[in-house]
Amino acid sequence: MAEEEKKVMDGAEAVAEAPKVTKTKGKKGKRIVTSGQVHVQATFNNTIITVTDKNGGALSASSAGANGFRGSKKGTAYAAQIAAEKALEIAKREHGLNSVDVFVSGIGLGRDSAIRAVSNVGIKIDSITDVTPIAHGGVRPKGERKP
């Protein structure tokens, strides 16, 4: 009988302890970042906008596909504008972003409209840099001619 009472007490203690346990999911506080970077990757099929701090840590991101555009409409300038506005609004609202350096990569239609969208949102553009990779000779061809 003492064992049964002990089991009942252990059960009651477990119930009593449950509310005391606090979950510690270490959610980071909102960082205030006044100046950052906007990376625009413009391909023929999609445009991806990533807003980062000066060290490259992502603050927000958006793409034409994430905003409901499908198929060939993802590669349009309008889709790039909408994606840029969404990513920049989030960064401005949640992190206090107010000036950026823009880095553009790729040859898609969304290059210019994404940059225009940055200024339309009300964020100051400090610089615009084209970081599109350019081929220069390539690798050595396999199996050269022998004399």
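## Burial and overall make-up

Buried residues account for 30% of the 147 residues in this chain, and keep in mind that the model is predicted. Its accessible surface adds up to about 10,300 Å², with 56% of that belonging to carbon and sulfur atoms.

There are three helices and five strands to keep track of. Reading from the N terminus, the elements go α-β-β-β-α-β-α-β. If you take the contacts with a separation of 6 or more, 63% of them are between residues 24 or more positions apart.

## The sheet

The five strands make an open sheet in the order β3-β2-β1-β4-β5, and the pairing is mixed. At the edges sit β3 (58-63) and β5 (124-130), each of which pairs on one side only. From one strand to the next, the twist averages 15°.

Let's walk through the antiparallel part. β1 and β2 pair in that sense over six bridges, and a hairpin of four residues joins the two. Val38 has Val51 in β2 as its bridge partner, while Val40 is matched with Ile49 in β2. β2 also runs antiparallel to β3, with five bridges joining them; on that side Ile49 stands opposite Ser62 in β3. These two strands form a hairpin as well, with five residues between them. In that turn, Gly56 has a positive phi of about 100°.

## Helices on the sheet

α2 packs on the sheet and touches β1, β2 and β3. Its direction makes about 155° with that of β3. As for α3, this helix lies across β1, β2, β4 and β5 and runs at about 160° to β5.

## The nonpolar core

Nonpolar side chains tend to be buried together in soluble globular proteins. Here the largest nonpolar core has 21 residues, and the members touching the most others are Val38, Ile49, Val51 and Leu88. Elements giving two or more residues to this core are β1 (35-42), β2 (47-52), α2 (77-95), β4 (99-105) and α3 (110-121).

What does Val51 touch, once neighbours within four places in sequence are left aside? Its contacts include Gln37 and Val38, then Gly57, Ala58, Leu59 and Ser60, and also Ala87, Leu88, Ala91 and Leu97.

## A close look at Ala84

Ala84 is in helix α2. Is this residue buried or exposed? Its relative accessibility is 1%, so Ala84 counts as buried, the cut-off being under 20%.

Leaving out residues up to four places away in sequence, Ala84 touches Ile49, Ala114 and Ala117. Ile49 is one of the residues with the most contacts to other core members, and it belongs to the β2 side of the bridge with Val40. There's a long-range link to mention too: Ala84 and Val38 are 46 residues apart along the chain, yet their C-alpha atoms are separated by 9.1 Å.

## One aromatic pair

Searching the whole structure turns up one aromatic pair. The partners are Phe69 and Tyr78, whose ring centres are 5.9 Å apart. Why is the pair called edge-to-face? Because the ring planes of Phe69 and Tyr78 are at 85°, and planes over 60 degrees apart count as edge-to-face.

Phe69 has a relative accessible area of 16%. That value is under the 20% cut-off, so Phe69 is buried.

Conventions: Residues numbered from 1 in each chain as written. Predicted model: local features only at pLDDT ≥ 70, side-chain atom pairs only at ≥ 80, totals over all residues. Heavy atoms only, no water. Core = buried A, V, L, I, M, F, W, Y, C linked by side-chain atoms within 4.5 Å. Buried < 20%, exposed > 50% of the residue type's maximum accessible area, 1.4 Å probe, protein only. Contact = heavy atoms within 4.5 Å. Pairing = 2+ DSSP bridges. Axes fitted to C-alpha atoms, helices over the stretch in contact; angles between N-to-C directions. Phe/Tyr/Trp six-rings, centres within 6.5 Å; stacked < 30°, edge-to-face > 60°. Areas by Shrake-Rupley, 256 points an atom, 1.4 Å probe, with all protein chains shown as cover.
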